[in-house]
Structure formats: C-alpha cells, structure tokens
Amino acid sequence: MDKLLNNFRQLGSRARDIWSRLSLNQKVLFGGAALMIVIAVAVLAFNSRQVQYEVLYNDLSEKDAAAIVDQLNENKTPYKLEENGATILVPSEVKYQTRLKMAGENLPQGQAGFELFQQNNFAETQSDKKVKYQEALQGELARTIQSLGKIKAARVHLVLPEPSLYSDKEEQPSASIAITTKDNETLTPQEVKGIVHLVANSVENLDPQNIVLSIKTVISSPIICRRATAVPLIWLNNKWL
C-alpha cells in the first residue's frame, strides 16, 4: 500500500514538474483541450438520456389524428405532433407496440404512412424506388406485428400491381401474413383483426378480404417432452378456414 502511494506521489510530482515547464500558450492549449473533453463527455451523457422519438404515422387525416391522440392520452403514451398534426411521433421503444394497439382499436380508419425513407436517391429509377419501398414496408409491418409478445416470428408479403393502360379490369393489391407464435400461445380474434387492419390500412386500396393470414402455433407436450407444430390456421374474409 505504501509503495502504491509513493508511486502516486511520484506521478503527481512529475506532472507538476512538467506543468511548470510549459509556457503560458501551452498551458492555455492544454486547458482548452481538457475543457473540450469535459464538454464532449457532458453532451454525450445528456444525449444518452434524451428520449428518441420516431414516426408512428404520417399523412393522417384530421379525424384519424384526433382519434389517435385521444388513445395516446388515454394510454398515457408520450407523443409529439408535426406537420400540423398530420404526423405523430412516439418514443422509439414503444413505436411498434403502440401502432399495434391502435390497429386493435381500428385506427387509423384511413390510409396512413410510416415515413420509411428520410432521403431520396435521385439515381434510382421509379421501379427501384417501388421495390425498395415495398421491401421496407413489408419489414416495418413484420416488426410491428412481431412486437406482440405472443409472436415469435412474422413475415409479410405484399402484392402491389402496376396500373395497366391495356386492361379494363384493374388488379387489386393483396397481402399474405405468416405468423409463428411462441410456445402454446394463441391469438385472440381481436388481435387477429388488429393485425389485418394494420396491414390493410398501410396500402392504398388494399381490401381486408384480399389478405390471407396464416398462424402456426408451436405446442410443447410435457408428457413426451418434445415439440409438435400444429397445422397452420388460416384467417380469410374475417373468418377461420
């Protein structure tokens, strides 16, 4: 212990000796550098405590925005409004769960966006942008669905047909949702309807009747100590097949 104290004393003595040899300009430079380091550490510590907000919905109608704000207030969920209330932001850690809760309440009633891209790449073609948007939307929907505690994995596939100038009958968009629940977990009809509502309202002109939802439940048997996967349940046209 005495040896350690002596080492610290020697280091302190050397530091004072070096400091005394510095010119005034050098002392100012060292002092400024030390101050900048302290400020940088303080800023990082402050930012780490700041709540990060992300877009829950954008391009909302006034009616949908008001209804969603009422629900957020009722659930005591913090939020921010932008674009005259057409964009609602919530803390990033509750974004997906909140979006799924809103879908369970049949909100929004109209189509809403998720603001998937912050910047435009002008080198991309319209076809490239469409593919990129579709992949991003599928991923965002899957992450939102998977935020439900009962769900182990979720996958969403969207079919977004191009408008045709050579056909009188326009193809309608459609979607398929594949869900695997956690062991012995089942979804309630309300949760299923909420998931279908979420996907239907994320795509223009997507009729809920054109959405197929398959749910695969993993069943654990305590008797034989092994897992058996149940036959997937199919939800179509607001009923089980």
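The paragraphs below lead through three residues of a predicted model and the elements that hold them.

A convenient place to begin is T144, which sits in helix α5, spanning residues 126–146. With a relative accessibility of 0%, T144 counts as buried, because the cut-off for that class is under 20% relative accessible area. Its side chain is engaged in a polar contact with the side chain of R99, at 3.1 Å. Once residues up to four places away in sequence are set aside, T144 touches Y96, R99, L100 and L198, so that R99 appears both as a polar partner and among the residues touched.

One of the residues touched by T144 is L198, and L198 leads on to the packing of α5 against helix α6, where it is one of the contact residues on the α6 side. Two packed helices are described by the angle between their axes and the distance between the axes. For α5 and α6, the latter made up of residues 189–200, the axes come within 11 Å and cross at roughly 160 degrees. This makes α5 roughly antiparallel to α6, because angles over 145 degrees are placed in that class. The crossing in which α5 passes α6 is right-handed. On the α5 side the contact is made by L141, T144 and I145, and on the α6 side by I195, L198 and V199. Sorted by character, these contact residues comprise five nonpolar, one polar and no charged, and the polar one is T144, because Leu, Ile and Val count as nonpolar.

Helix α5 is also met from other parts of the chain, and K95 offers an example. K95 is found in helix α4, which covers residues 95–104, and at 7% relative accessibility K95 counts as buried. Apart from residues up to four places away in sequence, K95 touches E54, V55, L56, V90 and E140; of these, E140 falls within the residue range of α5, 126–146.

The third residue, R155, lies in strand β4, formed by residues 151–159. Is R155 buried or exposed? R155 is exposed, with a relative accessible area of 54%, which is over the 50% cut-off for that class. Leaving aside neighbours within four places in sequence, R155 is in contact with A142, S176, I177 and A178. For one of these partners, S176, the separation in sequence is 21 residues, while the C-alpha to C-alpha distance in space is 8.3 Å. Another of the partners, A142, falls within the range of residues 126–146 that defines α5, and thus returns the reader to the helix from which this account began.

Key:
Residues are numbered from 1 along each chain as its sequence is written. This is a predicted model: local features need pLDDT of at least 70, side-chain atom pairs count only at pLDDT 80 or more; totals for chains, interfaces and linings use all residues. Side-chain values use heavy atoms; hydrogens and water are left out. Helices (H or I, at least four residues) and strands (E, at least two) are DSSP runs, numbered from the N terminus. Buried means under 20% relative accessible area, exposed over 50%, partly exposed in between (1.4 Å probe, protein chains only). A polar contact is a pair of N or O atoms within 3.5 Å; within protein, one must be able to donate a hydrogen and the other to accept it, and residues adjacent in sequence count only if both atoms are side-chain atoms. Contact means heavy atoms within 4.5 Å. Axes are lines fitted to C-alpha atoms, for helices over the stretch in contact, and angles run from 0 to 180 degrees between N-to-C directions. Angles under 35 degrees count as roughly parallel, over 145 as roughly antiparallel, 65 to 115 as roughly perpendicular and the rest as oblique. A crossing is left-handed if the near helix is turned anticlockwise from the far one by less than a right angle, and right-handed if clockwise.
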